[in-house]
Amino acid sequence: MEGGGNLDAAIESLLNVEKQMRLAEDVAGTKKAVMDIIQLCFQARAWKTLNDQIVLLSKRRGQLKQAVAAMVQQAMEYINETPNIETRIELIKTLNNVSAGKIYVEIERARLIKKLAKIKEEQGLIAEAADLMQEIAVSVDWPVETFGAMAKTEKIAFILEQVRLCLDRQDYVRAQILSRKISPRVFDTDTLKEKKKPKEGDNVVEEAPADIPSLLELKRIYYELMIRFVSLCRTMSLNRII
């Protein structure tokens with residue numbers, strides 16, 4: 001069901017609640033109102049309305065960043081529930097646009113870009129997928145200010161995906177530059193040490209999503225890509241760049 005009088009009335013009522021909570025700087029109340037609106041749209045399968053409300057809510061005067069973050073995170077759960085690829089792409093693009101330039105949803109934006117790049121690759125648009133992935137600059141050893149809450153394994157997986165797509169599009173120079181962001185020593189990291197309880201004031205690192213390979217598996221992927229890179233360079237007489 002797309003739109004509908006009952007849905008519109010329910011959304012309007014919740015928008016009034018959201019306004020009251022937002023102006024009162026009630027974080028919990030604002031988050032609940034925003035998430036209720038998003039959930040209503042999803043339950044009604046009103047995908048266009050969902051996209052419109054995501055944009056509207058993100059642009060409300062003085063909108064709380066906690067509410068925006070909660071909205072983006074919740075809407076991301078609906079991506080795999082979309083009825084077709086066009087609707088899926090539209091939702092991803094909407095969330096990506098809302099997340100752009102907001103450091104508090106930088107991890108979500110990176111994941112959205114990765115999802116969109118995967119779709120483009122499946123459509124045979126390798127160059128477009130590679131360009132999308134390079135919109136996000138991730139480094140394994142960057143400080144807390146930049147993707148600091150992203151698990152190290154997810155950072156490595158992201159960079160390896162960038163490298164793979166560059167190889168697929170035969171951009172060997174870019175592939176080499178990206179691969180240098182990963183030191184082989186990173187695969188010898190003590191995972192128990194990585195998971196130790198953070199001290200007060202430290203950045204809290206998120207758990208990597210379930211689809212992110214283990215450090216051992218990432219090590220295998222890394223060396224396979226490096227072997228592929230060297231082999232391709234030799235085959236195409238590109239030894240000057242290695």
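Buried here means a relative accessible area under 20%, a cut-off that is applied in the legends below to a predicted model.

**View 1. The edge-to-face aromatic pair of F42 and W47.** The count of aromatic pairs in the predicted model comes to four. In one of these, F42 and W47 meet edge-to-face, with 5.9 Å from centre to centre and 75° between the planes. Because the relative accessible area of F42 is 14%, F42 falls under the 20% cut-off and is classed as buried; W47, with a relative accessible area of 10%, is buried by that criterion too.

**View 2. The surroundings of the F42 ring.** Ring pairs join F42 and W47 with Y78 into a cluster. R45 lies over the face of F42, at 4.2 Å from the ring centre.

**View 3. Helix α2 and its buried residues.** The 17 residues of α2 should span 24 Å at 1.5 Å a residue, and the end C-alpha atoms of the helix are 24 Å apart, so the expected and modelled spans agree. The buried residues of α2 are G29, T30, A33, V34, I37, I38, C41 and F42, and they pack against α1, α3 and α4. An α-helix has 3.6 residues a turn, so residues three or four places apart point the same way.

**View 4. The largest nonpolar core, with I38 among its residues.** This core has 45 residues, and those with the most contacts inside it are I38, L50, I54, M71, L91 and L95. Among the elements that give two or more residues to the core are α1 (5-23), α2 (27-43), α3 (47-58) and α4 (65-76), while α6 gives the most, with seven residues. Domain 1 (7-104) and domain 2 (134-188 + 206-241) both contribute residues, so the core lies between them. When neighbours within four places in sequence are left aside, I38 is in contact with L50, I54, L57, M71, Q74, A75 and Y78.

**View 5. A separate nonpolar core that includes Y222.** Apart from the largest core lies another, of 21 residues, among them I156, L215, Y222 and M226.

**View 6. The tilted aromatic pair of F187 and Y222.** The rings of F187 and Y222 form a tilted pair, with 5.3 Å from centre to centre and 45° between the planes. F187 lies in the loop between α9 (172-179) and α10 (191-194), whereas Y222 belongs to helix α11 (residues 215-235), so the pair ties together parts that are 35 residues apart in sequence. Both F187 and Y222 are buried.

Methods: Residues numbered from 1 in each chain as written. Predicted model: local features only at pLDDT ≥ 70, side-chain atom pairs only at ≥ 80, totals over all residues. Heavy atoms only, no water. Phe/Tyr/Trp six-rings, centres within 6.5 Å; stacked < 30°, edge-to-face > 60°. Buried < 20%, exposed > 50% of the residue type's maximum accessible area, 1.4 Å probe, protein only. Helix = DSSP H or I, 4+ residues; strand = E, 2+ residues; numbered from the N terminus. Lys NZ or Arg CZ within 6 Å of the ring centre and 35° of its normal. Core = buried A, V, L, I, M, F, W, Y, C linked by side-chain atoms within 4.5 Å. Domains from an automatic or database assignment. Contact = heavy atoms within 4.5 Å. Expected span 1.5 Å × (residues − 1).
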